[in-house]
Structures are given as C-alpha cells and as structure tokens.
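Reader: I should like a close look at one part of this model, namely the site that holds the ligand. Please describe that site and its surroundings in a connected account.

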Amino acid sequence: MKYADYEKWTARATRWIKTYFATLPDQPVRAQTAPGDIAARLPVSPPEQAEPMERIFDDFERIVPDGLTHWQHPRFFAYFPANAAPASMIAEQLTNAIAAQAMLWQTSPAATEIELVMVDWLRQALGLPEGFKGVIQDSASSATLAAVLTMRERALGFSGNKTGLSGRERLRIYASAQVHSSIDKACWVAGIGQENLVKIDTDANFSMRPDALQAAIDADRTAGYTPAGLVLCTGGTAIGASDVLDPLLDIAKAENLYTHLDAAWAGSAMICPELRPIWQGAERCDSIVFNPHKWLGAQFDCSIQFLRDPSDQLRTMALRPSYLQTQGQDQVVNLNEWTVPLGRRFRALKLWFLLRAYGLDGLRTRIRNHIKWAGELAGRLSTHPDFTLVTDLRFSLFTFQHTPAGADADQATEQLLQRVNDDGRIYLTQTAHAGKFVIRFQVGQFDCTRDDVMLAYDVLTELAAGA
Ligand SMILES: *Cc1c(COP(=O)(O)O)cnc(C)c1O
C-alpha cells in the first residue's frame, strides 16, 4: 500500500462508511457475538508476506461489523454517549494524515496554538471566567490523575517527585461515593492509596454533606494525617448526581485543599446557561475536567482540563530534558509539560470543525432536546404500573426498575435488561444504586430523535409484558 493508492482506498472506506450509517438504525445496537467469535476468525500468526489491500478490506467487511457495538446508533442509551459528529470525523481524518506529535510548540505550532484557542472558546462556551487556562487530554482519567498528582505534590511542598513517598506524611483526598472510579484509580497510581481516598456521606440529593466533609478533615488532622485535596462532581456516572459546590469549596479554601471538579459527562451541558446554576461555584475550582468526546460531539478522544492557575500542575508535571528544550523560544507553551504523557495528538482540530459546523446554538438545541425527551420517557414509565423510577431525571439520565407485582425487583430488572439487549432495538446498561440493581437510561446520541426515545418505551413495555 502506497500513498499513491490512498485516494482509491479512502474512497472505498468512504463508501463503506456511507452504507454503515445508512443501515445503522436497522442493526442491533449491541454486538450479538459471543466471546472469542471474532478472534477465531483471525489467523493466529502475522503474515510474513505483504497482502493486497483488496483482501484486507474484504476481511474487514467480512469479520469486523459482526463484532461491533454501535456507539453512533441513534438508539444507544447505554453508559454515556461517545459522539462523533460528522464534521469532527473529517477533522480527525486530517489529524490522522498529518500525524503530528504535538508535544512541543515547535513540533507543530498550529496544533498548540489552535488547542489554546479551542480551550478558550470552550471556557467561554461554559461560562467560566477569563484567566482559566487549559489543555486537551486523552481522557478524564488522565486529567484527574494530573489533578491528584498536583494535590500530592502541593501537599508535599513539591518534593514527592524527587524523594518518593516512603516515610512521608499520610495524604488524604476527599470525594463522595458518587464520583467515578477514575478518582480511585488516580489515587492508586499517584501513590495516595485507596485507604486515603475518604468517601464522604451524601445528603438526600446525593450531594456531599459539608458537615461530614469538615468532620472527616478534623478527624484526619487529629490523627496526624495531611488533607491534600477535594474531588467534586457535576453529573456523576451512576445516576448523574452533582455536589453543591460553594459550601464544600468554602471548606476546601479554609483548609487549603486543592480542588478538582469532575464534570466529564455533564460539562457539555454547561453550554446551556439555564443549566449552570447546578455547578455554581465551579469557577472557584482549581481544576475542572469535561469530555467533549462524550455528549458534545467531538470524536473520541478529547477531554478538556481547565486550570484556574496552571502553575501548580506545571510544577508537578513539567520535565525538560535537553532533547526537549526549545532554544530561544521561552515565550511558547509546550503542552506536554501539562500532562503525564509526552506524546500528544493534534486533537484541537476536531473541536474547531465541530464548533463551527454546528455552532454553540446547534449543540445547545441537541442537549436541550435530549433532556426534554429523557424527561418525557421518565414521565411515561413512572405512570406504568410495572415500572418504578429509582432516581429522577438529572440532565438526561434517570434510573428505573422493572417492578411487576409479586416479583423480586432486582431479578426482574436484570432479566428485562438482558431481554432488551438481546432484542437489539435499543441498548441499555445497569448500575447499582442504594443496593438495588437499576437500569440507567440516558439520551445523548448526536442524531437521535424523539421517535428513537419513544421507541424505547414500546420496546421496554413490550418485552416486560412478554416476560
Ligand atoms: C466517563 C466519565 C469519566 C471517565 O472518562 P474517561 O475520559 O473515559 O477517562 C470520569 N468521570 C465521569 C463523571 C464520567 O462520566
């Protein structure tokens, strides 16, 4: 395969993509293959000799589609969305071809400069004040790890990277039980340890209780531990819970804790001004992460970390061996110094295409529709005798159980979920909430319509009745 043949094969790829999207709504959303089915269709060893692209492409068409769960399917209501708006797909194709390593400004000035402008466009779009800077990371997990490392270094007077952690004071980080598992993992990887991630009780609305946070900090200080950071959430993964920020941030400031806000999913909704009261106080957080690669429509991967003042994170993360020094260019930003990985893709291009091709207004309309349709479905299910809402609509997410009279609700719900996903017209996933097995329902796929959401009502009631 030579560059000379590139047009021929991208034309074939484009034809495949066109058919893929045209037939997508007729496909089962979740892959219906059994474990090992796809691997069994591949040779066990790599080819010694070059193979023709024709055969490679044929095999792709023959083998791969069966094993796909269709994240761009309009009736994907599982997990959270991983939207790839067509305009962002085009930009990503260009990024693939350019294949720049955007680790330093000089390794592709356009990548760094467009990234800084896109971060600022999104800062404005989310209503954050001037002065917030930021960087595009591969995932919220990486952004959260960067924030937790910064909490660690700040609490250790920026000496942990040098001396290691053995024999050092015991650091403590606080979060509610509603935060994502990436917070736990960041604490593992940063050497904080699971036992030092203190999960604080929540109130009736699943927001962290300020009195419980203060009590935990006081107890830790008495025990000789060192409180280092507070992780808050807007739109938690399980049920969409949000912390009421201001009272918690008051405590964090008084206790000198570094603060990180995980809004990986719901951050996209903050482009709608009417939704912003829920994260009132966000502008006081030191670090905020949100994923345009979820609800907003930027192709995976694209996670924005905003920093109120990048200097603590830079002190934690910046490393300048001689081969990375950029002589005579001290005024430039080298974004690898903001993140754990050195290598960085040119991810800003897809944001530039996305924001221009749909406009903030077009993106807002989608998010508002998703929330409205999810609310409509929640309303209909809540009046059905065999269904019970477990948590109310938060953004575009609610949870429910299948509760036919006389049946065990957890069991009935789990069985219904399995029937729904074997049926394939829609795709849903579960979570555990308050000891119950519940089905999550979120609306967020870029091109989904009201009809798609209402079809979910028909599928659920039909399959529940046939049980
Ligand atoms: C999806 C999600 C994450 C993890 O995001 P990645 O980008 O996959 O690391 C973290 N927090 C919340 C609230 C999420 O919804």
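Author: In this predicted model, the pocket to begin with is the second largest, whose volume is about 500 Å³. Its lining comprises 27 residues, and those closest to its centre are Tyr-79, Phe-80, His-180, Thr-237 and Lys-294. At least two lining residues come from each of helix 5, helix 10 and strand 10 (429-433). Of the elements, strand 10 gives the most to this lining, with 3 residues. Sorted by class, the lining of the second largest pocket holds 12 nonpolar, 12 polar and 3 charged residues.

This second largest pocket is where the ligand sits. Two elements give two or more residues to the shell around the ligand, helix 5 (140-155) and helix 10 (292-296). Helix 5 and helix 10 are also among the elements that each supply at least two residues to the lining of the pocket itself. The shell has 4 nonpolar, 8 polar and 2 charged residues.

The shell can next be followed residue by residue. There are 14 residues around the ligand, and Ala-140, Ser-141, Asp-262, Asn-291 and Lys-294 come nearest. Lys-294 is also one of the residues closest to the centre of the second largest pocket. Three side chains can be described through their polar atoms. For Asp-262, a polar side-chain atom lies 2.6 Å from a nitrogen atom of the ligand. In the case of Asn-291, an N or O atom of the side chain is 2.9 Å from an oxygen atom of the ligand. His-293 has a polar side-chain atom 3.5 Å from an oxygen atom of the ligand. On its own the ligand has 380 Å² of accessible area, and the protein covers 88% of it.

The surroundings include another pocket, the largest in the model, with a volume of about 1000 Å³. This largest pocket is lined by 34 residues, and Ile-17, Phe-21, Ala-84, Met-89 and Gln-299 lie nearest its centre. Helix 1 (6-23), helix 2 (53-63) and helix 3 (86-98) are the elements that give two or more residues to its lining. Helix 1 gives the most, with 9 residues. By class, the lining of the largest pocket divides into 23 nonpolar, 9 polar and 2 charged residues.

Some backbone features complete the account. Most residues other than glycine have a negative phi, and most peptide bonds are trans. Against that background, the peptide bond that joins Phe-300 and Asp-301 is cis, with omega about 10°. Asp-301 is found in the loop between helix 10 and strand 7 (303-307). Helix 10 is also one of the elements that give two or more residues to the shell around the ligand.

Phe-158, which is not a glycine, has a positive phi of about 55°. Phe-158 has its place in the loop between helix 5 and helix 6 (160-163). Asn-256, likewise a residue other than glycine, has a positive phi, near 60°. Asn-256 is placed in the loop between helix 9 (245-254) and strand 5 (258-262). The ligand contact from Asp-262 noted above, at 2.6 Å from a nitrogen atom of the ligand, thus returns the account to the site from which it began.

How values were computed. Residues numbered from 1 in each chain as written. Predicted model: local features only at pLDDT ≥ 70, side-chain atom pairs only at ≥ 80, totals over all residues. Heavy atoms only, no water. Near = heavy atom within 4 Å. Polar contact = N/O pair within 3.5 Å; in protein donor to acceptor, adjacent residues only side chain to side chain. Areas by Shrake-Rupley, 256 points an atom, 1.4 Å probe, with all protein chains shown as cover. 1 Å grid on protein atoms, 1.4 Å probe; cavity = no way out; pocket = protein on both sides within 12 Å on 5 of 7 lines; lining within 4 Å. Sits in = over half its atoms within 2 Å of the grid points. Helix = DSSP H or I, 4+ residues; strand = E, 2+ residues; numbered from the N terminus. Nonpolar A, V, L, I, M, F, W, Y, C, P; charged D, E, K, R; others polar. Points joined across faces, edges and corners; volume = space filled by probe spheres on them.
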